[in-house]
Every structure is written in C-alpha cells, then in structure tokens.
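Reader: I'm new to this one. Could you walk me through it and tell me how each label is earned?

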Amino acid sequence: MSELLWQKPGVAVDAQIQRFLAGDDVILDREFFLHDIAASTAHAEGLQRIGILSADELEGLKRELAVLADDFRSGAFVLDERYEDCHSAIEARLTERLGDAGRKIHTGRSRNDQILVATRLWLKEKLGRVAQLSREVARVALDRAAAEKDLPIPGYTHIQRAVVSSAGMWWAGWAEAFIDDAIRASDTFKLVDCNPLGTAAGYGVNLRLDREHTTQALGFARMQVSPVYAQLSRGKFELAALEALGSATLDLRRLAWDLSLYTTAEFGFVSLPAQYTTGSSIMPNKRNPDVIELMRATHASVAAARTEIEQLLSLPSGYQRDLQASKGAIFHGFSRGLAALELLPALLANLEWREERLRAAIDSGMYATDVAVEAAIAGVPFREAYKAAAASADSAGQGRTPEGSLAARTSPGAAADLRLAELESRWAALA
C-alpha cells in the first residue's frame with residue numbers, strides 16, 4: 001500500500017487494523033472511480049481559478065486524469081490492495097506522473113469530500129436509470145393494455161376467484177404504477193442533484209473555492225450550500241434514492257408474484273419465452289420460472305440496503321467514519337435492483353396469455369357482483385341485492401358472457417373505461 005496521507009512520523013500502521021479500517025473500500029471504489037476522476041478534474045479547474053495551480057499544472061493534471069480514466073476502462077490500471085481507496089490511488093498516480101503538481105490535487109479537500117461527490121454523481125446516474133426503466137415498463141404495459149383491453153381474465157381478491165377482469169385492466173394497473181415509479185425516481189434525482197464538492201469534512205476550508213464553477217462543470221443543478229448539511233445529507237440522500245428504487249422493485253415483486261402464480265400448472269394463464277425459464281437439475285419433466293423468482297427476491301436486497309443505511313444514521317452531526325458503510329449498501333441495492341428491472345420490459349413484451357385457460361377459469365360465481373349491482377340499480381337496497389346474489393351465485397352466470405360483464409364495467413378506470421388516454425398523457429409528460 002502507498003504511504004498514507006494521514007500517517008504520523010514514528011507511528012507504525014498496524015496491518016490488521018488498517019485492513020479493518022479499509023474494509024471493502026478498494027473493491028467498492030471501483031464502482032465510483034470514474035466519478036471521482038471527474039470530480040478531481042473539476043476540483044483542479046477550481047484550484048487553478050483561485051491561483052493554487054498554474055495553467056500548465058492544470059493542463060498536466062487534466063491530461064493525466066483523462067489517461068487514468070482510459071487506463072481504468074481498458075484494464076491497464078487496476079484499483080487494488082496497493083491503495084487505501086480510490087482517492088489515494090488517484091493522488092498516487094498523479095504524483096508519480098507529475099510530481100508536486102500531483103501532490104496539490106488534494107488541496108482544499110478531504111477524503112470524505114471526495115467520496116461524497118463521487119457517490120452523489122453515481123446516485124444521479126442510477127436514479128436516471130430507474131426513471132428510464134420505469135418509463136420503458138410503463139410503455140410496454142400501456143401498449144398491451146390497448147391491444148388486449150377486451151381479453152377477459154379472472155380477477156382475484158385474497159387469491160380467490162372474485163370477478164371477471166380483463167388483460168386491459170391488469171396491464172393498465174402496472175402502467176400507472178410504473179409511471180408513478182418514474183416520477184418518484186425523477187423527483188428524488190432533483191433532491192440529490194446538488195454539489196457537495198468543496199465542503200471538505202463539513203466545515204469548509206480557508207480558501208475561496210470556486211464552488212459555482214465545479215457545480216456547473218459537474219452538471220449539478222445547484223450547489224449544496226452548507227458544509228454542515230452536506231454531512232447531514234450523506235445517508236439521508238442515499239436512503240431517499242433507495243426508497244425510489246424500492247418503489248419500483250416493490251411493484252416488480254408483486255408483478256412477479258402474479259406471473260409466478262399464472263405460470264403454474266394449476267393456473268396455466270401465461271406462457272413465458274423459454275429463455276426466462278431453466279430446467280430442473282433433478283426433475284426432467286419441468287421448467288422453472290427462475291427469472292421471475294429472482295425478480296421477486298430482488299426487493300429484499302433493496303430493503304436490506306435501506307435498513308442498513310437507516311441504522312447507520314443514528315449519529316450526531318458532522319462526519320463520522322460509520323458512513324463509510326453506506327457505500328456497500330447503495331452498491332448492492334442498486335446493482336441487484338437495476339439488474340432485475342433491466343430484464344422486465346422485454347419479459348413483459350414477450351409473455352403470452354393462454355386464452356383458453358383464462359376463459360375456463362371464469363366460473364358462474366364471478367358474475368354475482370354484476371347481479372347484485374344490477375339489482376341495486378333497479379332500486380333494491382344493496383344489502384338485500386347482495387344477499388340474493390350470494391344465494392344464487394351458482395347460477396349467476398346464466399345467459400352472461402365475460403365480454404358482457406366487461407362492457408358493463410363503466411366506472412372510471414374499469415374495463416369499459418380504462419382511461420388509457422389519461423395514462424398516455426402522464427407517460428408523455430415523463431420525457
């Protein structure tokens with residue numbers, strides 16, 4: 001490992017203690033490394049603007065930072081146990097190539113400042129991806145709702161057959177859910193879109209840093225003004241980002257549950273493309289919907305990450321080393337959550353309904369609600385209409401069809417009035 005910036009003369013670094021302090025930093029920081037390079041470039045520009053760096057020093061730093069980014073992408077440079085973290089790796093490389101100019105890159109910064117801005121940039125990128133994928137899922141659902149609006153399917157409550165429903169209603173429900181998920185991700189993006197670079201360890205520094213320049217250079221919408229709040233927001237913003245992701249993965253979990261049930265032999269409502277299933281390692285007669293099951297499991301990882309960060313935030317104000325653990329939480333939460341969401345649009349676009357099984361599952365009792373409501377329309381008090389319909393549920397379907405039941409479902413948003421144009425308008429406003 002390279003010499004530690006904070007190492008004191010005459011004090012030996014205990015290797016076991018240092019391993020504990022570093023934790024998984026080097027491994028996790030590979031995820032944030034390019035963002036730290038981008039922030040270091042902007043910081044160098046800011047230092048030159050206030051006279052800490054000469055124009056030639058800035059040119060050299062920017063050149064070597066760009067080369068380091070390219071080397072990292074190609075694998076020519078590996079962030080490994082030689083370094084304490086991504087920040088020390090950057091400084092070591094710049095010092096090796098540029099001497100004193102490289103040593104100046106850390107002026108006016110703390111390691112906390114560095115990881116705070118790197119993870120902030122990373123969170124913006126990931127939230128943008130959540131919003132994009134949510135839009136894509138909603139688009140598939142809207143298209144299929146329009147195309148399959150008249151396809152009858154059984155409607156369930158309490159996982160029991162309840163009423164006649166439609167594929168249009170099923171798809172419209174997921175469309176509206178993921179439109180909201182996209183909005184929530186975008187709103188959270190706006191919350192975290194503020195620049196903490198230049199707040200150091202939470203109290204600023206005795207330099208007139210050009211924070212306005214770094215804010216613009218890094219593409220932040222605004223500057224996070226208070227250095228104290230920059231520290232208070234670490235963990236708080238990560239928690240908000242995971243909650244936005246969790247909004248989408250929570251909907252994914254419930255959607256996956258539907259598909260898990262619908263693909264069973266007992267239901268048999270849906271056929272999945274072969275690539276979304278795997279063979280059993282012991283039972284040659286079956287295919288398993290493993291993709292759906294692992295999608296269903298994904299929200300647990302997001303929820304666990306959220307809980308981990310929430311428990312970290314039992315802290316006083318100011319920077320605390322505990323917050324180092326928030327990196328692993330956001331990495332694992334977003335890695336697993338986004339991996340599942342990325343598979344969802346194509347899965348939904350390619351699943352097929354098995355119409356004969358859907359129709360066979362609609363029994364006479366599923367028209368009982370229609371019978372009760374029609375009696376209420378005719379003037380029978382609903383309680384009496386309900387009791388009469390319940391008593392005759394076995395014959396409620398006589399002379400009725402699923403299409404007739406759906407055509408009569410005229411309440412706003414129901415099968416005969418899906419209001420897809422309203423959902424289309426909301427979807428269009430996401431762009």
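Reader: What makes A200 count as buried or exposed?
Author: A200 has 6% relative accessibility. Buried means under 20% relative accessible area, exposed over 50%, and partly exposed in between, with a 1.4 Å probe and protein chains only. So A200 counts as buried, at 6%.

Reader: And what kind of thing am I looking at?
Author: It's a predicted model, where local features need pLDDT of at least 70, side-chain atom pairs count only at pLDDT 80 or more, and totals for chains, interfaces and linings use all residues. Residues are numbered from 1 along each chain as its sequence is written, and side-chain values use heavy atoms, with hydrogens and water left out.

Reader: Where is A200 found, and what is its phi?
Author: A200 sits in the loop between strand 3 (194-195) and helix 8 (211-217). Helices (H or I, at least four residues) and strands (E, at least two) are DSSP runs, numbered from the N terminus. The phi of A200 is positive, about 55 degrees, although A200 is not a glycine. Most residues other than glycine have a negative phi.

Reader: Which other loop residue that is not a glycine has a positive phi?
Author: I159, at about 60 degrees. I159 lies in the loop between strand 1 and strand 2.

Reader: Why is I159 called buried or exposed?
Author: Its relative accessibility is 60%, and the cut-off for exposed is over 50%. So I159 counts as exposed.

Reader: How do you know that strand 1 and strand 2 pair?
Author: Two strands pair if DSSP finds at least two bridges between them. Here six bridges join strand 1 (residues 152-157) to strand 2 (residues 160-166), so they pair, and they run antiparallel. P152, for instance, has S166 in strand 2 as its bridge partner. The two strands form a hairpin with two residues between them, and H158 in the turn has a positive phi of about 60 degrees.

Reader: What is the radius of gyration of the protein chain, set against a compact globule?
Author: The protein chain has 28 Å, whereas a compact globule of 431 residues would have a value near 22 Å. The radius is taken over C-alpha atoms, and the globule rule is 2.2 Å times the number of residues to the power 0.38. Along its principal axes, the C-alpha trace spans about 90 × 50 × 40 Å.

Reader: How many helices and strands are there, and how much of the chain is buried?
Author: The protein chain has 17 helices and eight strands. Of its 431 residues, 49% count as buried.
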